Amino acid sequence: MEKLNLLFTKDSVFYQFMRSKSVKEESSFTPDDEVLQDSVLEKLNAVLEKKTDRITVISALNHFTMVPEGFSQHDAGYDLIALNAGIDADKEELMLAVNKKYGVQFYYTFPKDLYHRLKGKNIPVNFNFSGEKFLSSISPRSGKEIHINLHHNQCEFFALNGKKIKLYNNLDMTSEVDFLYFIMFSLSKIDFGINETRFYVYGETSENETFISELQKFVKQLKIVYDNLPKKKFLINN
């Protein structure tokens, strides 16, 4: 069975074709900002011309909000997201991802033209939010922990105390200094002492070595869990 994995971030698209558990082809695409949407759709059309039996889509686009599991006022999803980011309901499809393990759910949006193009393929398509997928992969111990997942020019992180989520955010990372400041500011607001908190880093670590080296200047307990090396690790591996 041929499977296509797609990861959408702020400024790039990653695609990966798999047969069984073997990666057959993978690549990334970063379009020009001025023609972002048209370029992504054009590239997606080319990718979808290739044979595949099912598609898994992960959105790391940072139009989202996190609420307790069971929240059922779905019509309020757009309004809740709009508190964090400017959205256009005419162009963005409202989506829902539920994580029962931690008792939370995420409302997020995905570009409608891309959504309808994928659904129009008439094969099974599964959508998920990167925060939910990342959270499902985390196995926290007792105590205070920060889990950071690095993308290209973007990252997301969870602050957990045991299995209780204290904070989640998904940020553009154009400035490593600004992001480090935000991490440290967030720690102070949730009462996570820098010496008592364990840090775990995942994702595009080889592309963000400067950020990691700067973080290590402040953090005593830091572990790189895995790097998204080609054909080795990827956020949406089964």
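Me: Which residue of β7 is the bridge partner of Val98?

Reply: In this predicted model, strand β6 (residues 92-99) and strand β7 (residues 104-111) run antiparallel and are joined by eight bridges. Within that pairing, the residue of β7 that serves as the bridge partner of Val98 is Gln105.

Me: Which residue in the hairpin of β6 and β7 takes a positive phi?

Reply: The hairpin of β6 and β7 has four residues between its strands. The residue there with a positive phi, near 70°, is Gly103.

Me: In what order do the five strands of the open sheet stand, and which of them are at the edges?

Reply: The pairing in this five-stranded open sheet is mixed, and the order is β11-β10-β9-β12-β13. Two of the strands have a single partner strand each, so one side of each is left without a neighbour in the sheet, and these edge strands are β11 and β13.

Me: By what angle are neighbouring strands of this sheet turned against each other on average?

Reply: For the sheet with the order β11-β10-β9-β12-β13, the average is taken over neighbouring strands with direction ignored, and the angle is 15°.

Me: Which helix packs on this sheet, touching β9, β10, β11 and β12?

Reply: The helix in question has a direction that makes about 15° with that of β10, and it touches β9, β10, β11 and β12. Its residues are 176-189, and the helix is α5.

Me: Is strand β10 largely enclosed or largely open, and why?

Reply: Strand β10 covers residues 154-161. It pairs in the antiparallel sense with strand β11 (residues 164-172) over eight bridges, and eight bridges also join it, again antiparallel, to strand β9 (residues 144-151). Because seven of its eight residues are buried, β10 is largely enclosed by the rest of the structure.

Me: Which residue of β10 is the bridge partner of Glu145, and which residue of β11 stands opposite Phe157?

Reply: On the side of β9, the bridge partner of Glu145 in β10 is Leu160. On the side of β11, the residue that stands opposite Phe157 is Asn169.

Me: Which residues take a positive phi in the two hairpins that involve β10?

Reply: The hairpin of β9 and β10 has two residues between the strands, and Asn153 takes a positive phi near 60° there. The hairpin of β10 and β11 also has two residues between the strands, and the residue with a positive phi, near 70°, is Gly162.

Me: Which residue of β12 stands opposite Ile148?

Reply: Strands β9 and β12 pair in the parallel sense over six bridges. In β12, the residue opposite Ile148 is Val201.

Me: Where are the buried residues of helix α6 placed around its axis, and what arc do they cover?

Reply: The buried residues of α6 (residues 209-216) are Phe211, Ile212 and Leu215. They lie on the same side of α6, because the arc that they cover around the axis is only 95°.

Me: Is Val57 buried or exposed?

Reply: Val57 lies in strand β4 (residues 54-59). Beyond its neighbours within four places in sequence, Val57 is in contact with residues including Leu6, Phe8, Phe110 and Leu118. Its relative accessible area is 1%, which is under the 20% limit, so Val57 is buried.

Me: Which members of the largest nonpolar core touch the most other members?

Reply: This core has 35 residues. One of the residues sought is Phe8, and its contacts beyond four places in sequence include Val13, Val40, Val57 and Leu114. The residues that touch the most other members are Leu6, Phe8, Val57, Phe110, Leu118 and Phe127.

Me: Why does the pair of Tyr181 and Phe185 count as stacked?

Reply: Tyr181 and Phe185 both lie in helix α5, four residues apart, which is about one turn of the helix. Tyr181 is exposed, with a relative accessible area of 60%, whereas Phe185 is partly exposed, at 38%. The ring centres are 6.3 Å apart and planes under 30 degrees apart count as stacked, so the pair is stacked with its planes at 15°.

Methods:
Residues numbered from 1 in each chain as written. Predicted model: local features only at pLDDT ≥ 70, side-chain atom pairs only at ≥ 80, totals over all residues. Heavy atoms only, no water. Buried < 20%, exposed > 50% of the residue type's maximum accessible area, 1.4 Å probe, protein only. Pairing = 2+ DSSP bridges. Contact = heavy atoms within 4.5 Å. Core = buried A, V, L, I, M, F, W, Y, C linked by side-chain atoms within 4.5 Å. Arc of directions from axis to C-beta. Axes fitted to C-alpha atoms, helices over the stretch in contact; angles between N-to-C directions. Phe/Tyr/Trp six-rings, centres within 6.5 Å; stacked < 30°, edge-to-face > 60°.
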